[in-house]
Amino acid sequence: MARLENKVTVITGAASGIGRASASLFAREGAVVVLADLKREAGEAAAAEIVAAGGRAEFVVTDVSSETDVRSLVDGAVERHGRLDVLYNNAGGATSKDGKVTEMPLDEFWRTMSVDLFGTFLGCRFAIPHMQRGGGGSIINTTSIRALTGTAGADAYSAAKGGVLTLTRSLAMQWHVAKIRVNAIGPGVVATDRVKAMLKPDDPLVKKSLMGVLEPDDIAYMALYLASDESRRITGAILPAESGASAF
Ligand SMILES: NC(=O)c1ccc[n+]([C@@H]2O[C@H](COP(=O)([O-])OP(=O)(O)OC[C@H]3O[C@@H](n4cnc5c(N)ncnc54)[C@H](O)[C@@H]3O)[C@@H](O)[C@H]2O)c1
């Protein structure tokens, strides 16, 4: 049997990078995948590719920082598919505007907080009641190596991902009673198009990636484990997926 057979799964930020790779992998493992992203064209193409390969997928244009959008994403998934088993809060990512607390533009601080932290908060807010009614579920949040270890130079993003890390533990402590597991993945450097465009070859995190820079599938496979019943007793865990970078 496939590892996610018939699990109804919502993945945010699924039009590209790690989210897209995860949507494709989850569908290959039998899940019904609802892909959500700001980017309509790329999101629809990602869902169409999954369907063409025999999977079950649909795309919903969503801004994760909008309460209305996230409520409608989650409620709509449940209306159409009957339940919600997995929420993968993946949308986000640092931009080149981020930087030192003393220098970076303040609007970038609030953008990062809105997408990475508040977007995750909203996803949990609307998914938990459905999972509770359905008898349980798995929420996968996305933190970062920047929250696992001290790394300089992206102070807004580090703060947002630190918030995600703490929120994950806090929710795990409260919702185990409803059989809802809440975990987070902390990726190191993953070679998505966005990161490849920003990354400098002398970035210390690249040098610390002992097994080489990660690919989106490396994260998708960890998410698959957390989404599946194989991780049924794992909650409140912050799983590094960082090619050894936090060993330093
Ligand atoms: N790539 C890395 O090296 C790395 C490292 C650590 C953590 N992460 C985290 O992994 C996640 C995915 O990163 P990625 O490299 O695949 O990025 P990516 O840019 O390839 O994909 C992110 C997706 O999120 C979408 N998105 C952005 N803002 C959104 C919003 N407001 N609402 C809905 N969708 C939105 C984008 O359109 C994009 O499709 C992010 O949370 C990122 O912070 C990535």
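**Nonpolar cores, ligand shell and backbone outliers**

In this predicted model, the largest nonpolar core has 30 residues, of which Phe 26, Val 33, Leu 35, Tyr 88, Ile 140, Ile 185 and Ile 219 touch the most other members. A nonpolar core is here a set of buried Ala, Val, Leu, Ile, Met, Phe, Trp, Tyr and Cys residues joined through side-chain atoms within 4.5 Å; buried means under 20% relative accessible area, exposed over 50%, and partly exposed in between, with a 1.4 Å probe and protein chains only. At least two residues of this core come from each of helix 1 (17–28), strand 2 (32–37), helix 2 (40–52), strand 3 (56–61), strand 4 (86–88) and helix 9 (216–227). Helices (H or I, at least four residues) and strands (E, at least two) are DSSP runs numbered from the N terminus. A second, separate core of 27 residues includes Val 60, Val 70, Met 131 and Ile 139. In soluble globular proteins, nonpolar side chains tend to be buried together.

When neighbours within four places in sequence are left aside, the contacts of Leu 35 (heavy atoms within 4.5 Å) include Ile 11, Ala 14, Ala 23, Ala 46, Ala 47, Ile 50 and Val 60.

The model is a predicted one, in which local features need pLDDT of at least 70 and side-chain atom pairs count only at pLDDT 80 or more, while totals for chains, interfaces and linings use all residues. Residues are numbered from 1 along each chain as its sequence is written, and side-chain values use heavy atoms, with hydrogens and water left out.

The ligand has 29 residues around it (a heavy atom within 4 Å), and Asp 37, Asn 90, Tyr 157, Val 190 and Thr 192 come nearest. By class, this shell holds 11 nonpolar, 12 polar and six charged residues. Among the polar contacts (N or O atom pairs within 3.5 Å), a polar side-chain atom of Asp 37 lies 2.6 Å from a ligand oxygen atom, and a backbone N or O atom of Ile 18 lies 2.8 Å from an oxygen atom of the ligand. A polar side-chain atom of Asp 63 is 2.9 Å from a ligand nitrogen atom. On its own the ligand has 830 Å² of accessible area (Shrake-Rupley method, 1.4 Å probe), and the protein covers 92% of that area. Helix 1, helix 4 (106–134), helix 6 (155–175) and helix 7 (193–198) are the elements that give two or more residues to the shell.

Asn 6, in the segment before strand 1 (8–12), has a positive phi near 65° and is partly exposed at 44% relative accessible area. Ser 243, in the segment after strand 7 (238–241), has a positive phi of about 55° and counts as buried at 11% relative accessibility.

Key
Polar contact = N/O pair within 3.5 Å; in protein donor to acceptor, adjacent residues only side chain to side chain. Nonpolar A, V, L, I, M, F, W, Y, C, P; charged D, E, K, R; others polar.
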